[in-house]
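Please look at the sequence and the structure below. The briefing that follows covers two topics: a pair of helices and the protein surface around DNA.

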Number of protein chains: 2
Amino acid sequence: MSANDLRVVKTKQALHNALLTLLSEKPLENITIAEICRVAKVNRGTFYLHYEQKEGLFEEYFQEIMEDLHNSYEEPYRAVTTLDKNQIDPKTIRIFHHIERFKIFYRIVFSKNVPLTYYYMLFDGIFSLLKRDITIHHKIHDEISIEYYSAYQANAIIGLIIQWYRQDFEDSVSTLNKQLAAILRIGEK
Amino acid sequence: MSANDLRVVKTKQALHNALLTLLSEKPLENITIAEICRVAKVNRGTFYLHYEQKEGLFEEYFQEIMEDLHNSYEEPYRAVTTLDKNQIDPKTIRIFHHIERFKIFYRIVFSKNVPLTYYYMLFDGIFSLLKRDITIHHKIHDEISIEYYSAYQANAIIGLIIQWYRQDFEDSVSTLNKQLAAILRIGEK
DNA sequence: TATTTTTATGAACATATGTTCAATATCTAA
DNA sequence: TTAGATATTGAACATATGTTCATAAAAATA
């Protein structure tokens with residue numbers, strides 16, 4: 001199962017396209033493996049050569065989206081000397097931008113019948129970004145575990161995103177930004 | 001499908017017991033509906049009369065656990081006059097106690113192949129508890145949406161629980177308590 | 001280009017899913 | 001206690017899942 005083998009590339013591409021086509025018609029939960037294979041014109045046995053479940057196929061997409069999250073966050077850091085009290089760390093707002101950019105996918109990621117896998121992929125993504133920043137910039141009291149602290153902060157942000165998702169991402173990125181800034185200000189006074 | 005009908009009660013009980021038996025042998029994902037029905041000696045068609053997926057059966061259990069969460073939190077509030085700086089709101093620590101008490105179930109709730117439904121049930125549970133407390137006790141700046149703020153706080157706590165789960169709940173409730181207290185203290189200075 | 005290695009295919013099989021229906025068993029309410 | 005209401009059953013059916021295997025097709029490499 002060499003990832004470079006042209007046959008493998010072709011097969012996976014066909015399956016990816018088929019999934020995308022079907023996703024525009026109905027939710028992931030109503031799509032069957034047999035269906036994907038029929039549309040992709042790929043033998044069903046071949047599917048099982050590469051994946052275990054249809055969810056694995058979507059996971060491959062989501063992997064790429066996680067790379068975008070990483071890249072967005074890593075963009076050349078434009079140091080802001082005096083932060084507007086109403087704005088938060090410019091690196092964090094990029095997370096919200098990223099979610100909005102891929103909201104079509106995040107509607108699937110946050111839908112209730114989908115496995116937790118994708119949630120954890122997002123969690124791990126934000127977790128590792130925050131953890132690195134927390135380790136570098138903040139000096140944290142000894143008694144705090146960086147792991148717990150990062151998990152706390154990462155999931156708190158996802159909490160905002162869940163709330164956002166539940167209104168179908170109607171609020172603007174800037175609203176999310178302001179809400180987070182205001183919440184963070186509460187502790188400071 | 002009257003919930004009081006003895007036949008319904010009996011059928012559901014048999015399915016519940018069968019699921020519990022099977023869960024002690026293997027993970028939820030490897031259990032089939034047909035298997036549950038065989039063990040429960042219930043016709044497979046009867047299963048579909050009450051549930052759509054095996055996950056719905058587990059959801060019924062989890063519903064009861066969510067009631068325990070609610071009750072734990074609602075326990076007569078023993079007002080603590082001087083809060084130990086290292087301890088957090090005594091109501092919140094009860095959440096950690098609750099998780100530990102039902103950790104057998106939470107290992108399922110947080111496992112990656114399970115649907116997000118249970119996560120949302122927990123989220124909604126903690127969300128509504130916090131929201132009520134936030135609305136009553138804290139006076140929040142106008143610009144903050146109580147919804148976003150509650151979602152932030154609720155999911156932050158679940159973030160700690162995820163981190164806790166990933167070490168198979170090895171840390172003590174008291175450790176979690178201290179970590180949260182320390183994290184909350186960061187913003188205060 | 002020819003040979004070797006690897007992947008994809010089609011067919012078949014046992015089992016699971018999801019649904020329907022008439023027949024039967026069991027409960028509720030009078 | 002009985003009559004009527006409703007839940008359960010068993011059987012059947014079409015389709016999906018997950019696996020195996022020999023064969024064919026296509027790629028890598030020498």
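Is the crossing of α8(A) and α8(B) right-handed or left-handed? The crossing is right-handed; that is, the near helix is turned clockwise from the far one by less than a right angle, whereas anticlockwise would be left-handed. This is a predicted model, in which local features need pLDDT of at least 70 and side-chain atom pairs count only at pLDDT 80 or more, while totals for chains, interfaces and linings use all residues. Residues are numbered from 1 along each chain as its sequence is written, chains are lettered from A and ligands numbered from 1 in the order in which they are written, and side-chain values use heavy atoms, without hydrogens and water.

**The two α8 helices**

- Helix α8 covers residues 146-166 in chain A and residues 146-166 in chain B, and the two axes come within 6 Å and cross at roughly 140°.
- Helices are DSSP runs (H or I, at least four residues), numbered from the N terminus.
- Axes are lines fitted to C-alpha atoms, for helices over the stretch in contact, and angles run from 0 to 180 degrees between N-to-C directions.
- α8(A) and α8(B) are therefore oblique to each other (under 35 degrees is roughly parallel, over 145 roughly antiparallel, 65 to 115 roughly perpendicular, and the rest oblique).
- The contact of α8(A) with α8(B) has 18 nonpolar, eight polar and two charged residues (Ala, Val, Leu, Ile, Met, Phe, Trp, Tyr, Cys and Pro count as nonpolar, Asp, Glu, Lys and Arg as charged, and the others, Gly among them, as polar).

**DNA strand D**

- DNA strand D is surrounded by 23 residues, and the closest are M1(B), R7(B), T11(B), T46(B) and H50(B) (a residue is near a strand if one of its heavy atoms lies within 4 Å of it).
- Of the atoms of DNA strand D that come within 4 Å of the protein, 66% belong to sugar and phosphate.
- A backbone N or O atom of M1(B) is 2.2 Å from a phosphate oxygen of this strand.
- The side chain of R7(B) has an N or O atom 2.6 Å from a base oxygen of DNA strand D.

**DNA strand C**

- DNA strand C is also surrounded by 23 residues, and M1(A), S2(A), R7(A), T11(A) and R7(B) are the closest.
- Sugar and phosphate make up 67% of the atoms of DNA strand C that come within 4 Å of the protein.
- A polar backbone atom of S2(A) is 2.6 Å from a phosphate oxygen of DNA strand C.
- A polar side-chain atom of R7(A) is 2.5 Å from a base oxygen of DNA strand C.

Notes: Polar contact = N/O pair within 3.5 Å; in protein donor to acceptor, adjacent residues only side chain to side chain.
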